[in-house]
Amino acid sequence: MSGKAQLTRVHYEGTNDDFFVFLDNVDDYKKWLTDGSVPLAEVVSSFKIFCKHKRSNQGMYDAASNADLDNEFGTHVDSEVIVKILRQGVLAEGQIAERNISRNDVNGGWATGLGPQGAHQ
């Protein structure tokens, strides 16, 4: 797989870390902001909250831990945090390069045979 993938997220700049959630559709998000009848599940791609640690100088992000969420938002209840991010965050749209290598999750390594566990025999 190659090319560009559309990436739409809402970014919330926290005190210690940056948090974000991915959106399925910008129009649904904009409608949700003004219409409380739109289900949250129709707005976000998943109920997963990501974070980029400000203390890191790399552009890497990972799933936010309960401690990260508690420290920033006072709760780690996903739906409550997501609502705060969606209401107080900033919409960020863009494209990212899709991966050219697929991950073989069964064996824990990259499809090339090299990965966290080394070369596959």
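## Exercises on a predicted chain

Asparagine 71 counts as exposed, because its relative accessibility is 66% (exposed means over 50%, buried under 20% and partly exposed in between, with a 1.4 Å probe and protein chains only). The model is predicted, so local features need pLDDT of at least 70 and side-chain atom pairs pLDDT 80 or more, while totals for chains, interfaces and linings use all residues. Residues are numbered from 1 along each chain as its sequence is written, and side-chain values use heavy atoms, with hydrogens and water left out.

### Exercise 1. Layout of the chain

Task: state how many helices and strands there are in the chain, and in what pattern they follow along the sequence.

Solution.
- The chain has 3 helices and 7 strands (DSSP runs numbered from the N terminus: helices are H or I with at least four residues, strands E with at least two).
- Their pattern along the sequence is β-β-α-β-β-α-α-β-β-β.
- Of the 121 residues, 30% count as buried.
- Among contacts with a separation of 6 or more, 55% are between residues 24 or more positions apart (contact means heavy atoms within 4.5 Å).

### Exercise 2. Pairing around strand E3

Task: find the strands that pair with E3 and the partners of cysteine 51.

Solution.
- Strand E2 (residues 17-22) pairs with strand E3 (residues 50-53) in the antiparallel sense, over 4 bridges (two strands pair if DSSP finds at least two bridges between them).
- E3 is also joined to strand E4 (residues 62-63), antiparallel, by 2 bridges.
- On the E2 side, phenylalanine 19 stands opposite cysteine 51.
- On the E4 side, aspartate 62 is the bridge partner of cysteine 51.

### Exercise 3. Buried faces of H2 and H3

Task: list the buried residues of helix H2 and of helix H3, then say where they lie around each axis.

Solution.
- In H2 the buried residues are Asp68, Leu69, Glu72 and Phe73.
- These fall within an arc of 95° seen down the axis, so they line one face of H2 (the arc is that of the directions from the helix axis to the C-beta atoms).
- In helix H3 (residues 78-88), Val81, Ile82, Ile85 and Leu86 are buried.
- Their arc is only 135° around the axis, which puts them on the same side of H3.
- As a general check, an α-helix has 3.6 residues a turn, so residues three or four places apart point the same way.
- The exposed asparagine 71 is also in H2.
- Its C-alpha is 9.8 Å from that of glycine 14, although the two residues are 57 apart in sequence.
- Just after H2, glycine 74 has a positive phi of about 80°.

### Exercise 4. The largest nonpolar core

Task: give the number of residues in the largest nonpolar core and those with the most contacts inside it.

Solution.
- The core has 20 residues, and Phe19, Val21, Val43, Ile49, Ile85 and Leu86 have the most contacts inside it (a nonpolar core is a set of buried Ala, Val, Leu, Ile, Met, Phe, Trp, Tyr and Cys residues joined through side-chain atoms within 4.5 Å).
- Two or more residues come from each of strand E1 (4-13), E2, helix H1 (26-34), helix H2 (66-73) and H3.
- H3 gives the largest share, 4 residues.
- Beyond four places in sequence, the contacts of isoleucine 49 include Phe19, Val21, Leu69, Val81, Ile82 and Ile85.

### Exercise 5. Rings and charges

Task: count the aromatic pairs and classify the pair of phenylalanine 19 and phenylalanine 73.

Solution.
- The count is 5 aromatic pairs (rings of Phe, Tyr and Trp, the last by its six-membered ring, pair if their centres lie within 6.5 Å; planes under 30 degrees apart are stacked, over 60 edge-to-face and the rest tilted).
- For phenylalanine 19 and phenylalanine 73, the centres are 5.2 Å apart and the planes at 70°, so the pair is edge-to-face.
- Phenylalanine 19 is in strand E2 and phenylalanine 73 in helix H2, so this pair ties together parts 54 residues apart in sequence.
- Both phenylalanine 19 and phenylalanine 73 are buried.
- Phenylalanine 20 and phenylalanine 50 have ring centres 5.9 Å apart and planes at 20°, so they are stacked.
- Tyr12, Phe19 and Phe73 form one aromatic cluster.
- Arginine 9 lies over the face of phenylalanine 20, 4.5 Å from the ring centre (a charge sits over a ring if NZ of Lys or CZ of Arg is within 6 Å of the ring centre and within 35 degrees of the ring normal).
- The charged end of arginine 87 sits over the ring of tryptophan 32, at 4.4 Å from its centre.
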